[in-house]
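Colleague: Got a minute to go through this one with me? I'd like to hear what stands out to you.

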Number of protein chains: 2
Amino acid sequence: MQQTKILLEESEMPTHWYNVAADMPNPPAPPLGPDGNPVTPDAMSAIFCEPIIQQEMAQERWIEIPDEVRQVLTMWRPSPMFRAHRLEKALGTPAKIFYKYEGVSPAGSHKPNSAVPQAYYNKMAGVKKLTTETGAGQWGSSISLAGQMYGLDVTVYMVKVSYQQKPFRRSMMETWGAKVYASPTDHTQAGKAALAADPNNPGSLGLAISEAVEVAASNPDTCYSLGSVLNHVCLHQTIIGQEAKKQLAKVDEYPDIVIGCCGGGSNFAGVAFPFLADKAAGKEVRLVAVEPDSCPTLTRGHYAYDFGDSVGMTPLMLMYTLGHDFMPPSIHAGGLRYHGDSPLLSQLVKEGIVEAHGIPQLATFEAGVQFARAEGIIPAPESCHAVARAIIEANACKESGEAKTILFNLSGHGHFDMASYDKFFAGELENYAYPEQAIKDALSHLPKVG
Amino acid sequence: MQQTKILLEESEMPTHWYNVAADMPNPPAPPLGPDGNPVTPDAMSAIFCEPIIQQEMAQERWIEIPDEVRQVLTMWRPSPMFRAHRLEKALGTPAKIFYKYEGVSPAGSHKPNSAVPQAYYNKMAGVKKLTTETGAGQWGSSISLAGQMYGLDVTVYMVKVSYQQKPFRRSMMETWGAKVYASPTDHTQAGKAALAADPNNPGSLGLAISEAVEVAASNPDTCYSLGSVLNHVCLHQTIIGQEAKKQLAKVDEYPDIVIGCCGGGSNFAGVAFPFLADKAAGKEVRLVAVEPDSCPTLTRGHYAYDFGDSVGMTPLMLMYTLGHDFMPPSIHAGGLRYHGDSPLLSQLVKEGIVEAHGIPQLATFEAGVQFARAEGIIPAPESCHAVARAIIEANACKESGEAKTILFNLSGHGHFDMASYDKFFAGELENYAYPEQAIKDALSHLPKVG
């Protein structure tokens, strides 16, 4: 029999997170406040707790994972790695394809890797309540789960149209004890203003962020929690890539190519950053971020200071951006519909250390179905982007006859996305044309700095 | 740190299935044909392939699992076992609670444990196509996945009302390449007759079985596949309990109580039968089957010969039954709404070797939510029955001060059942009164034997 799964015991779980800032050729560019000066920790403390702010600014290479966090992570970690024997055979490729599977978390994706430490540090800092926003619900359910583990109240502002159309993620959050509101609500200034202008406002992610941040800023016992983009979120996710290195070492492998899908960047950071430490030391390994063609932040965005949210409330971050008010087409990989990207990852792309590629929507679902029929697991639409790129690389190996080792992160399962697969089979999905004019318009609204 | 997960390497996966017939005090009662005589293998061959019929009748204690089956099972097996530290703490019990988790299969439940070998044996026997029926879709998706692995065409007759109201399981089956029809269809005699009588017939499981069996019986290259009740299905599931024994042995434990939810019986058989081998050898261990109060087959049914299906097409089986035309209330644990039970399991209950208990619907969801908030995983409504009983046993330990070891099988996750949790939170679920008159009526229709 061929070995399929490569497992780690709990005792082999990483004890430290890897901070890529320590190995970057240039120090990370700081976020800027409205005055054009770097944001101070004090300014951040209105919505984040002290330990999180420290991690956001940390320079040291290794940051210890508290035992109380590792204990909760054993709920699903270490996560399994699989050798995709059947997919390799179906492709007829000499490449060896390995995938790390993060869909085993109770929330079904990699997101709880950061939700758990965020909840823990807030609890330790005396915070009683966390607020966050959610669109499709991946992050909202992850922070609901994590809050429950440490006895924190969690309030989730869920975009009203998703709240109404996607009740299942909401039920998950409620099962884990969170309070979920359809945003806009009438109990924040931001929500009231939106409802006054239009009582039938369907909500938006920007508006939900405004509500969550307002509640956190105006209640001393409440903090805000974010599921991607920021440095501390990327940091927490590096447990993925570290486990992957150990697992590959168990079968005497090291990847030639590491692939992750990329929206705000935390999933890609999680699987790829730990390999960057080796790359910095001279090892040859390609790190490949994959994004939707219709929201091509890394491949066609500008590298500039921009707001992290769509309404201009956050500090300015130096990153690849399509313009903070760019509204991507309604593709089904909701987690990848973000105008910007992690500043750390953006800088690594800018410096040529990480490469980025776009994939059109239909190709991602074709890859997802091919993967499911070979490997069994039905990938989330976001993860289908990584699958699609892995197949492209494996097919290139078939052409060239090279037996490269490919690793990708299967960031989540598609159990809550079957309606998208349904539309794919019914021929109702499309490849959106590159939204040239919308991006041009949004980029013309980039904020002036200094 | 406390150990949470107990893992097995692929090399530790069981090599044989355990056949409980070898350890039963009395030989299993044979199924009877319309003439009152035991059904011959020849009669079965109209819809089942030779190796499956052999396994259905097998007497030997151990039956080897083919390597080609074990290879596909590595897709998710060995499945993890968890120690429920947080649940124990929440209950304040001295009991040690362990659970085996079968929700890691790509279909999300234990069902593929039998779907994979069934597809394999049919492929080996030269069968080209499998037919089956499905209600909510657990079995239909499992056989779709398994058929895809061995290159078999799979046709699923899905009860029309489920087909329309629960499109996500259907999308799963299609993702794995199966053809799914809303039953009744116009391409079987059974379907045509039903549609002629009522063009808006919403379908039923009995009707879907009729269609699937008719297609299998009338096409020489097609066989029928069933997901529970029969001996060979229970046999295939015993890999669960065998793994569980190995995992408990790794932490020097042996269960005092083994708990499984019970509809047709294959899940319970899977986790519990391997422990029966030890019980037969004098070991003390309680084997506890849990069923819904509203469909109380083992706890309030008659032990009698009855049809396996609702319309009277199958051979007669000696089992606990509520009457083949008993229609259980619409509880949300769809997989437990069956009028009968596995003849092997029924005989073991009759002989006092296995005990059975009922649980009302609301208590199962309360247990499921308590479990999710402690352990993270959201259980399927079926699995909530086992969780509820485990909590009852753990609370009894709290009363008595005994530190018993409790093992239960968490047969599947609830990702496709969040609408049921939603109704539970909204107060829209109820505890059905014991359907006394309906069962009395159905029992009065038991077939005469001989």
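Modeller: Happy to; here is a walk through a predicted model, one topic at a time.

Colleague: Let's begin with the annotations. Where does UniProt place the N6-(pyridoxal phosphate)lysine?

Modeller: The UniProt record, an unreviewed entry, puts that modified residue at Lys111(A). In the model, Lys111(A) sits in the loop between β5 (96-101) and α5 (112-124) of chain A.

Colleague: Is Lys111(A) buried or exposed?

Modeller: Lys111(A) counts as buried, because its relative accessibility is 16% and the cut-off for buried is under 20%.

Colleague: And which residues does Lys111(A) touch, not counting those up to four places away in sequence?

Modeller: Its contacts are Gln138(A), Trp139(A), Ser142(A), Gly227(A), Ser228(A), Gln237(A) and Ser266(A).

Colleague: What residues does UniProt list for the "Tryptophan synthase beta chain-like PALP" domain in chain A?

Modeller: The record, again an unreviewed entry, gives residues 76-412 of chain A. Over that stretch the chain is 45% helix and 19% strand, with the end C-alpha atoms 13 Å apart.

Colleague: Switching to charges. How many salt bridges are there over all chains?

Modeller: The search of the whole structure finds 32. One of the salt bridges is between Arg77(A) and Glu102(A), whose closest N and O atoms are 2.7 Å apart.

Colleague: Which parts of chain A does the Arg77(A) and Glu102(A) pair tie together?

Modeller: Arg77(A) is in the loop between α3 (67-73) and β4 (81-83), and Glu102(A) is in the loop between β5 and α5, so the pair ties together parts 25 residues apart in sequence. Arg77(A) is buried at 0% relative accessibility, and Glu102(A) is buried with a relative accessible area of 0%.

Colleague: Why would charged groups pair like that?

Modeller: In general, side chains of opposite charge can pair when their charged atoms come close.

Colleague: Fair enough. What about chain B: which residue forms a salt bridge with Glu243(B)?

Modeller: That's Lys100(B), with the closest N and O atoms 2.7 Å apart. The pair links distant parts of the chain, with Glu243(B) in helix α12 (residues 239-250) and Lys100(B) in strand β5 (residues 96-101), 143 residues apart. Both Glu243(B) and Lys100(B) are buried. Over in chain A, salt bridges with shared partners join Arg77(A), Lys100(A), Glu102(A) and Glu243(A) into one network.

Colleague: Nice. Now the interface: how many residues of chain B are in contact with chain A?

Modeller: There are 49 residues of chain B in contact with 49 residues of chain A. The area buried between the two chains is about 4,300 Å², and carbon and sulfur atoms give 56% of it. Met1(B), Thr175(B) and Arg373(B) supply 16% of the area that chain B buries against chain A, more than any other three residues.

Colleague: How many salt bridges and polar pairs cross between the chains?

Modeller: The rule finds four salt bridges across the interface, and 29 residue pairs in polar contact, both residues being at pLDDT 80 or more. Several helices of chain B each supply at least two residues of the side that touches chain A: α3 (67-73), α6 (138-150), α8 (167-175), α16 (361-375) and α18 (418-425). The largest share, seven residues, comes from α8(B).

Colleague: Can you walk me through an example of a bridge across the interface?

Modeller: Sure: Asp422(B) forms a salt bridge with Arg170(A), the closest N and O atoms being 3.2 Å apart. Asp422(B) lies in helix α18 of chain B and Arg170(A) in helix α8 (residues 167-175) of chain A, so this pair joins two chains. Arg170(A) counts as buried at 12% relative accessibility. There is also a salt bridge between Asp422(A) and Arg170(B), at 3.2 Å from N to O.

Colleague: Cysteines next. How many disulfides turn up?

Modeller: The count is zero over all chains. Take Cys295(A): the nearest cysteine sulfur, from Cys262(A), is 9.9 Å away, whereas a disulfide needs the sulfurs within 2.5 Å. Cys295(A) is buried, with a relative accessible area of 1%, and Cys397(B) counts as buried at 2%.

Colleague: Last one: where does Ile391(A) lie, and what does it contact?

Modeller: Ile391(A) is in helix α17 (residues 381-400) of chain A, and it is buried at 8% relative accessible area. Leaving aside neighbours within four places in sequence, Ile391(A) contacts Leu87(A), Leu91(A), Ala367(A) and Gln370(A).

Key: Residues numbered from 1 in each chain as written. Chains lettered and ligands numbered in written order. Predicted model: local features only at pLDDT ≥ 70, side-chain atom pairs only at ≥ 80, totals over all residues. Heavy atoms only, no water. UniProt positions renumbered as here; feature names shortened; annotations may be inferred. Helix = DSSP H or I, 4+ residues; strand = E, 2+ residues; numbered from the N terminus. Buried < 20%, exposed > 50% of the residue type's maximum accessible area, 1.4 Å probe, protein only. Contact = heavy atoms within 4.5 Å. Buried area = accessible area lost by both parts, 1.4 Å probe. Salt bridge = Lys/Arg side-chain N within 4 Å of Asp/Glu carboxyl O. Polar contact = N/O pair within 3.5 Å; in protein donor to acceptor, adjacent residues only side chain to side chain.
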